[in-house]
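This report describes the fold of one protein chain, moving from a sheet and its pairings to the overall dimensions and then to a single residue.

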Amino acid sequence: MITIKRDRGWEKPESWQDVESIPGYVRDIDPLSIQLDAVVGKYREPELRICGFSNCHTKHFRGYLVTTKDGRITNIGVDCGRKHFGVDFENMSRQLDRDWLNQERRESIFSALGKLDAWKSACDDLMNGKRGASWLSKQHREMQDFKTGLPRSILRSIQEMMRTGRTVLYKERAATEQEKAFAKETGQRMPNIVQEEVGTLKGLSGLAKMEELLPKDLIPNLDAIAEIDVDAATEGDLQFWSKWCGEVDVKVEQAKSIIDSAQIFFHEDNISKLAEISSTKDEERSIMRFAKK
Ligand SMILES: [Zn+2]
């Protein structure tokens with residue numbers, strides 16, 4: 001790969017011959033007798049290229065293209081400029097590296113903009129499709145509603161399960177006489193209250209994450225990126241958006257699986273299991289009513 005910065009933009013010569021045919025190109029420059037003008041390009045080649053400094057001529061896979069005040073251009077090894085020109089060269093090459101990186105970021109954003117419509121329509125489907133994120137959000141609100149939702153104690157259990165990652169549902173009950181007798185015989189301690197496993201609650205991970213990725217990141221940022229003036233964007237913006245664009249495909253997939261999981265949570269069979277841990281008939285009725293929504 002060869003890249004050269006010109007006033008009109010970046011050039012990417014396809015072959016080394018193209019570099020050698022640049023007007024003023026020389027293979028041999030005495031670094032002691034010249035004045036460095038600019039670092040104008042860089043290369044990373046599959047073949048070794050001989051350094052243009054007459055006192056060096058070492059072979060390098062990577063290096064820079066530099067111009068001199070008297071109008072010549074040559075290629076030098078990646079470390080050769082610093083050795084001969086010190087800090088001046090380092091500042092110039094660092095600036096070129098940075099300009100190039102920003103250019104690559106611009107290019108990756110431009111190519112991402114080509115996928116914008118497809119990304120937006122995928123997110124729109126996830127948001128507004130059947131039992132999509134909008135419907136899930138509504139369910140979530142209603143679940144927490146004092147009148148239409150689940151009993152407070154059940155909501156607290158769900159919160160606790162999300163926090164700890166537990167998925168098993170336990171019901172507390174008094175120990176039976178038989179259990180107490182067995183414990184006594186075998187010399188074990190028997191508590192008066194026993195936690196009994198009554199089922200597994202699915203989709204908690206989806207419930208925990210459903211309000212984040214799609215509504216707070218993907219949808220607003222897909223709108224925001226359409227408004228960006230890529231050519232005029234700051235380095236910080238280029239950095240943020242090029243990285244973000246590189247993650248959209250993965251994030252859309254993540255959003256899909258979060259929604260799948262949240263849909264499973266709100267499934268009638270799943271919510272009904274909560275009736276097992278309810279402590280009153282009233283609670284049980286509220287749960288079954290919400291499960292059927
Ligand atoms: Zn050299």
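## The strand 1 to strand 2 hairpin

Strand 1 and strand 2 are joined by a hairpin through two residues, where strands (E, at least two residues) and helices (H or I, at least four) are DSSP runs numbered from the N terminus. The model is a predicted one, in which local features need pLDDT of at least 70 and side-chain atom pairs count only at pLDDT 80 or more, whereas totals for chains, interfaces and linings use all residues. Residues are numbered from 1 along each chain as its sequence is written.

The two strands of the hairpin run antiparallel and are joined by three bridges, two strands being taken as paired if DSSP finds at least two bridges between them. Within this pairing, Lys-5 stands opposite Trp-10 in strand 2.

## The five-stranded sheet

The hairpin belongs to an open sheet of five strands in the order 2-1-3-4-5, with antiparallel pairing. Strand 2 (9-11) and strand 5 (73-77) are at the edges, each with a single partner strand, so one side of each has no neighbour in the sheet. From one strand to the next the twist averages 25°, with axes fitted as lines to C-alpha atoms (for helices over the stretch in contact) and angles running from 0 to 180 degrees between N-to-C directions.

Strand 1 also pairs with strand 3, in the antiparallel sense and over three bridges, and here Ile-2 stands opposite Tyr-43 in strand 3. Strand 4 (residues 59-68) is joined to strand 5 by five bridges, again antiparallel, with Tyr-64 opposite Ile-76 in strand 5. Helix 2 (residues 80-113) lies across strand 1 (2-6), strand 2, strand 3 (36-50), strand 4 and strand 5, and runs at about 80° to strand 3.

## Overall dimensions

The protein as a whole has 11 helices and seven strands. Its radius of gyration is 33 Å, whereas a compact globule of 293 residues would have one near 19 Å; the radius is taken over C-alpha atoms, and the globule rule is 2.2 Å times the number of residues to the power 0.38. Along the principal axes, the C-alpha atoms fill a box of roughly 100 × 50 × 30 Å.

## Phe-290 in helix 11

Phe-290 is found in helix 11 (residues 281-291). Phe-290 counts as buried because it has 22 C-beta neighbours inside 10 Å, the criterion being 20 or more other C-beta atoms within 10 Å, against 12 or fewer for exposed and partly exposed in between, with C-beta atoms placed from the backbone. Leaving aside neighbours within four places in sequence, Phe-290 is in contact with Met-143, Thr-148, Gly-149, Leu-150 and Ile-271, a contact meaning that C-beta atoms, placed from the backbone, lie within 7 Å.

Terms used: Two residues are in contact if their C-beta atoms, placed from the backbone, lie within 7 Å.
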